Amino acid sequence: MSEWINSTIAAIGGGAVVLIGILTVFKGVFVKLFEAGIEASFEKNFEKFKNKLYRTTKAYEILLDREMRFYGRLESIVAELVPLMHDLLYHLKNEGELNRDLQGEEFRECLIRYCQLVINLKNETLIHESYVPREIMQIFDNLVRRMQDDVKLWSNGERSLRDGKHNKIEYQQYEAVIEEVFILLAFGQAAIRRRLGGLSGEIDNRNWPLGRQ
């Protein structure tokens, strides 16, 4: 009886040793498979992250490039517009009977160029509307509408010059129009400086409406 018990225990003990050995082997295999799966998953997710980061960065670069292009083109328009409006008012004023024809011709040339600048500015705002912060674009949309509305007034001035009716020209009205345009330009330039300051990190515009959402 004791021999049977001893042999049974020995058999069980030997089986346990074999089982432990098998489990040990499978444990190493499972660990390797698990590590390989984790590594593959990490590499796959990391690659997705890199692709997403690249697309996001590329898209932001395109948006920023278009926005900066608008500011650059706007700068050249404003640089010509400011002295042109001074010239309009200058040629509108009566310089004497002998200079009437020349005065009218110079004013007409300035007015034609003014209308061209209105068209250029309008085109630039339409082209870049999707790339520029809404608050900035709204200022220049208002500027375009203001300038378009003023074309009729300037045209009336040109007609008065042509007909020699200088006494019919209300110069204060034209001065007020110029001042309104310059105020809008000042608001626009201040908004752009604020935006660029925020992009460069010099200005914290997180709580300012011109920070891109």
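Colleague: In this predicted model, is Glu124 buried or exposed?
Modeller: The relative accessible area computed for Glu124 in the predicted model is 15%. Because the cut-off for a buried residue is a value under 20%, the class that applies to Glu124 is buried.

Colleague: Which residue forms a salt bridge with Glu124, and which helix does that partner lie in?
Modeller: The partner of Glu124 is Arg73, and the closest N and O atoms of the two are 3.4 Å apart. Since Glu124 belongs to helix α2 (residues 100-127), the bridge ties together parts that are 51 residues apart in sequence. Arg73 itself is partly exposed, with a relative accessible area of 33%. The residue asked for is therefore Arg73, and its helix, spanning residues 2-92, is α1.

Colleague: How many salt bridges does the model hold by this rule?
Modeller: The rule asks for a side-chain nitrogen of Lys or Arg within 4 Å of a carboxyl oxygen of Asp or Glu. Counted in this way, the number of salt bridges comes to 10.

Colleague: Where do Glu105 and Arg108 lie, given that their side chains meet in a salt bridge?
Modeller: The N to O distance in this salt bridge between Glu105 and Arg108 is 2.7 Å. Glu105 is partly exposed at 36% relative accessible area, and Arg108 also counts as partly exposed, at 28%. The two residues are 3 residues apart, about one turn of the helix, and both lie in helix α2.

Colleague: Glu135 and Arg134 also meet in a salt bridge; which of the two counts as exposed?
Modeller: Their side chains come to 3.0 Å, N to O. Glu135, at 23% relative accessibility, counts as partly exposed. The cut-off for exposed is over 50%, and with a relative accessibility of 58% the residue that counts as exposed is Arg134.

Colleague: Which residues are joined into one network by salt bridges that share partners?
Modeller: Such a network includes the pair Glu105 and Arg108, whose side chains meet in a salt bridge. Shared partners join these two with two further residues, and the full set is Glu105, Arg108, Glu158 and Arg162.

Colleague: Which helix supplies the largest share of the largest nonpolar core?
Modeller: This core has 38 residues, and among those with the most contacts inside it are Leu81, Tyr114 and Trp154. Helices α1, α2, α3 (134-162) and α4 (171-200) each supply at least two of its residues. The largest share, 11 residues, comes from α1.

Colleague: Which tyrosines are in contact with Trp154, leaving aside its neighbours within four places in sequence?
Modeller: Trp154 is one of the residues with the most contacts inside the largest nonpolar core. Its contacts include Met85, Leu88, Phe107 and Val177. The tyrosines on that list are Tyr114 and Tyr174.

Conventions:
Residues numbered from 1 in each chain as written. Predicted model: local features only at pLDDT ≥ 70, side-chain atom pairs only at ≥ 80, totals over all residues. Heavy atoms only, no water. Helix = DSSP H or I, 4+ residues; strand = E, 2+ residues; numbered from the N terminus. Buried < 20%, exposed > 50% of the residue type's maximum accessible area, 1.4 Å probe, protein only. Core = buried A, V, L, I, M, F, W, Y, C linked by side-chain atoms within 4.5 Å. Contact = heavy atoms within 4.5 Å.
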